[in-house]
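Please look through the structure shown here, taking your time over how its parts are arranged. The explanation below goes through it in steps.

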Amino acid sequence: MRNLLIAFLLLFGSVPLVLAASSEADFKAAYAAAEAANKEAGSLRNQWTVTAAALNAAKKAADAGDFDKAIASSKEAEALAKASIFQATSEKEAWKALEIR
Amino acid sequence: MIMRSAIHFAAAAIALALAFAAVLPGVAADTIDPVADAKAFRKFFTDKFPKVKLEDFVNGPYSMDEDLHRQWEVKEQFPPYEFSLEMGKEMFSKPFKNGKSYEDCFPNKGIGIRQNYPYFDEKEGKVVTLELALNRCREANGEPPFSYVKDEMAALTAYMAFTSRGKPFDIKIPNDPRALEAYQNGKEYFYTRRGQLNFSCATCHVQIPGERIRAEVLAPALGILNAMPIYRSEWSGMGTTSRRFTTCNSQIRGVPFNPQDDEYRNVEYYLSYVSNGLPISGPGARP
């Protein structure tokens with residue numbers, strides 16, 4: 001019974017610690033992925049201001065220790081950066097549809 | 001054997017013909033022809049706005065709306081760019097510390113030459129805008145360059161534009177493949193959608209000129225640079241071509257480039273070329 005109690009405490013007592021640690025690691029990974037995508041958009045000369053804003057928000061939240069918010073902002077930044085890459089790539093041909101001929 | 005060779009030859013000939021048929025329309029569509037572009041550009045706008053006189057396109061939104069045009073006529077009696085114009089005149093004639101002045105950097109001492117900018121510099125292999133030439137003049141004479149988006153540059157270009165008022169844009173594309181490439185890159189930039197709002201320059205200034213975005217009446221792309229620099233009521237101040245390009249990018253939520261980066265120089269080259277023949281009207285005023 002005592003062993004069971006110890007096991008219970010170990011299991012549930014450590015959960016917040018494990019979550020906090022993994023959140024910071026997850027944030028770093030999410031932020032790095034977003035930064036890499038935004039860098040690629042930069043090489044295509046097509047970064048968006050909203051991507052930069054989401055990256056800033058992610059950093060600010062992480063500095064304040066709110067990793068859930070930081071991860072959410074990082075993922076938003078990555079999605080925006082990927083959309084800007086898609087735009088730049090598709091526009092290489094698509095611009096011709098607007099041309100006055 | 002002869003028969004087999006004949007079949008091979010015929011097959012090769014058919015394949016070659018098919019390949020040409022497939023490729024030729026593509027080549028035709030991608031051929032860079034600035035003269036044809038300018039003609040089509042002008043026709044597009046004059047067909048779209050048959051009541052607007054050709055030379056009036058340079059007045060941007062004021063050419064699109066009768067009420068706005070009347071407002072503009074009144075405004076021109078005490079134009080809001082007048083202070084900038086005076087400042088530019090004074091700056092232009094004031095010598096640098098080394099005794100030289102802007103006059104020494106430009107043909108005809110800088111008077112009445114706005115309509116020839118931007119030009120393609122074959123030595124550099126790039127487009128040179130008036131703003132860039134002014135800062136190069138300063139640096140060559142030991143003076144620090146001005147910001148491309150602030151009042152000093154607006155004042156200088158306002159004065160130079162004023163001395164060219166009424167002169168038609170006369171942008172040349174020399175017989176140099178790099179010049180043609182710069183023109184084509186400028187054209188591509190003009191039509192390319194960017195920013196989170198997925199707008200190109202053409203979205204506003206080709207597809208819906210004359211319409212409103214919020215309170216603003218959008219200017220037609222034909223003649224859009226002839227009035228630069230401009231006093232904008234929205235800015236409560238003067239704006240250079242560089243300022244216009246960078247703020248356009250920000251407004252559609254795209255990260256702007258640095259003023260005078262190649263993209264902006266090239267799009268200025270393209271837009272000025274397709275407005276050849278229309279008079280310089282700068283400095284201008286806009287709502």
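The paragraphs that follow treat a pair of helices, then a sheet, and then the contact between two chains.

This is a predicted model, and a good place to begin is chain B, where the axes of helix α5 (residues 130-140) and helix α6 (residues 151-162) come within 10 Å and cross at roughly 110 degrees. Because angles of 65 to 115 degrees count as roughly perpendicular, α5(B) is described as roughly perpendicular to α6(B). The contact is made by B:Leu130, B:Glu131 and B:Leu134 on the side of α5(B), and by B:Met153, B:Leu156, B:Thr157 and B:Met160 on the side of α6(B); these residues divide into 5 nonpolar, 1 polar and 1 charged. The crossing in which α5(B) passes α6(B) is right-handed.

Chain B also holds an open sheet of 3 strands, which lie in the order β6-β5-β7 with mixed pairing. Since β6 (237-239) and β7 (284-286) of chain B stand at the edges, each with a single partner strand, one side of each is left without a neighbour in the sheet. From one strand to the next, the twist averages 35 degrees. Strand β5 (residues 230-232) of chain B runs antiparallel to β6(B), to which 3 bridges join it, and B:Tyr231 stands opposite B:Met238 in β6(B).

Finally, we turn to the place where the chains meet: 19 residues of chain B are in contact with 14 residues of chain A. On the side of chain B that touches chain A, the elements giving two or more residues are α2 (34-48), α7 (177-191) and α8 (201-207) of chain B, and α2(B) gives the most, with 3 residues. The residues of this side of chain B divide into 7 nonpolar, 7 polar and 5 charged.

Methods. Residues numbered from 1 in each chain as written. Chains lettered and ligands numbered in written order. Predicted model: local features only at pLDDT ≥ 70, side-chain atom pairs only at ≥ 80, totals over all residues. Axes fitted to C-alpha atoms, helices over the stretch in contact; angles between N-to-C directions. Helix = DSSP H or I, 4+ residues; strand = E, 2+ residues; numbered from the N terminus. Parallel < 35°, antiparallel > 145°, perpendicular 65-115°, else oblique. Left-handed = near helix turned anticlockwise from the far one by under 90°. Contact = placed C-beta atoms within 7 Å. Nonpolar A, V, L, I, M, F, W, Y, C, P; charged D, E, K, R; others polar. Pairing = 2+ DSSP bridges.
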